[in-house]
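Visitor: Could you take me through one part of this model in close detail, with the geometry behind each contact? I would like to see how the aromatic side chains and the strands around them are arranged.

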Amino acid sequence: GMSAECNMYHPATPLCGPNGGCVECLTNDNCDAVHKTCSPTNTCVPCVDNSDCASGLCKAGACADKTMVVYVDNATGHGCSDAAGAGTFAMPFCTLQKGLNAGAMASKPVVVFAGTYPENVLASISLNGGNDYVVTLVGIGGPVIKPSSSGPAFSVAGTSGKQVTASVDGFVLDGSTLTDGSNVIECSGNSGGVYGGTLLTMTRSTIKNGSGVGLSTTQKCVITFDADIFTGNKAGAALLSATDFAFTNLLVHDNGGSGASCGGISLASAGETGKMTMFNLTIVNNTAMTGALASGMLCAVSPTNVTNTLILGNSPLATEVNTNCHPDFSAFLGATGSNNETIPATGCGVNDLLADPPNGDYRPKKMTVKPCTLIDQGTNTGAPDHDLAGTSRPQPASGTDDIGAYEAK
């Protein structure tokens, strides 16, 4: 800790380090005043991730000042309160909804620390005096939104003429307590409004165990999902209607069931031309009802693209992806190997292509050969520069992207 000797003779390195030398920092708190994080070599350096910062928020290499952030932390002994004046680092809010509303009103990001929050969270102008509702939620330690009553875990409700924008990073949205067919996430724009008025961004989050679909979007909602996991949602992973969407690095596995019209992703109606994109998805082991038009991906209309995507092992196997989806540089049953389809996956099982799905490892399997390989079979054009785990694409940097949500390492 603080050393009088270090502080007197080496004020720039006032702490006694683990090896008996004077160092700049021992914890991230020691670097808070200079908006940096403590490195393994006990020096204050720019942050890379939100968890690097004592304040819980890293932006462009700098840790945010705690006075510029709203805090939510319901852990026992952390002094939370939903009373007026709360929401500081020293006295965080207890509930997500209080934090969300305060963040929207004050135009401040909201940092939420680990814990389970039994709430149905809503982003709506009705909770901000009829004004625009724009909020950023950052989860530290994987906080869980797990509603205790019916209705979605997270809803975004748009209104014509107003802006409603929610950005969510690092959460688990768990619908396992819902038994009424509720979806885990719902985003509804306004049929009389325009695209761009209602926005939802979801990154590095897990959407699971809904009694309905994991994600339902309607009425000109605009969504951006990156590095997210959908699993265990009984009516399927996602149902998209009149929506602009950008999906990258999604793992969609073990959703659906005997009552699902599609176990994976279903595009029911079109958004704007050129604004419906999917890159590097892994859609495996989902289930639809007998006679479903497609079990893995169902497109009533054609999206802009479905690229670098694995669609395999979904039941029933007769049609895992219908022709309207037009996957390219992808792997799926029925692919011909022409028109950039890359891999006719006939004869290749999920376990042949992926490292160890039964134990949660969905990375492409190494040391495989055509046709049963995903490595270097995609395209770099338009693809994300990272994968679901944050690994840079491609590997190596001079190579070609792998198919699916993960890059082989």
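Guide: In this predicted model, a convenient place to start is K66, whose charged end sits over the ring of F89 at 3.9 Å from the ring centre. Turning to contacts between rings, a search of the whole structure finds 6 aromatic pairs. One of them joins Y71 and F113 in a stacked arrangement, with 6.0 Å from centre to centre and 5 degrees between the planes. Because Y71 belongs to strand 7 (residues 70-72) and F113 to strand 8 (residues 110-113), this pair ties together parts that are 42 residues apart in sequence. Y71 has a relative accessibility of 0% and therefore counts as buried, the cut-off being under 20%.

A further stacked pair is formed by F225 and F230, whose centres are 6.1 Å apart and whose planes differ by 25 degrees; both of these residues are buried. Ring pairs also link F225 and F230 with F245 and F247, so that the four form a cluster, a link being counted when ring centres lie within 6.5 Å.

The strands of this region can be followed from strand 23 (residues 244-248), which is mostly covered, with 4 of its 5 residues buried. Strand 20 (residues 222-226) runs parallel to strand 23 and is joined to it by 5 bridges, and here D226 stands opposite T248. Strand 23 also pairs with strand 26 (residues 276-279), again in the parallel sense, over 4 bridges, and in that pairing A246 has T277 as its bridge partner.

Definitions and conventions: Residues numbered from 1 in each chain as written. Predicted model: local features only at pLDDT ≥ 70, side-chain atom pairs only at ≥ 80, totals over all residues. Heavy atoms only, no water. Buried < 20%, exposed > 50% of the residue type's maximum accessible area, 1.4 Å probe, protein only. Helix = DSSP H or I, 4+ residues; strand = E, 2+ residues; numbered from the N terminus. Pairing = 2+ DSSP bridges. Phe/Tyr/Trp six-rings, centres within 6.5 Å; stacked < 30°, edge-to-face > 60°. Lys NZ or Arg CZ within 6 Å of the ring centre and 35° of its normal.
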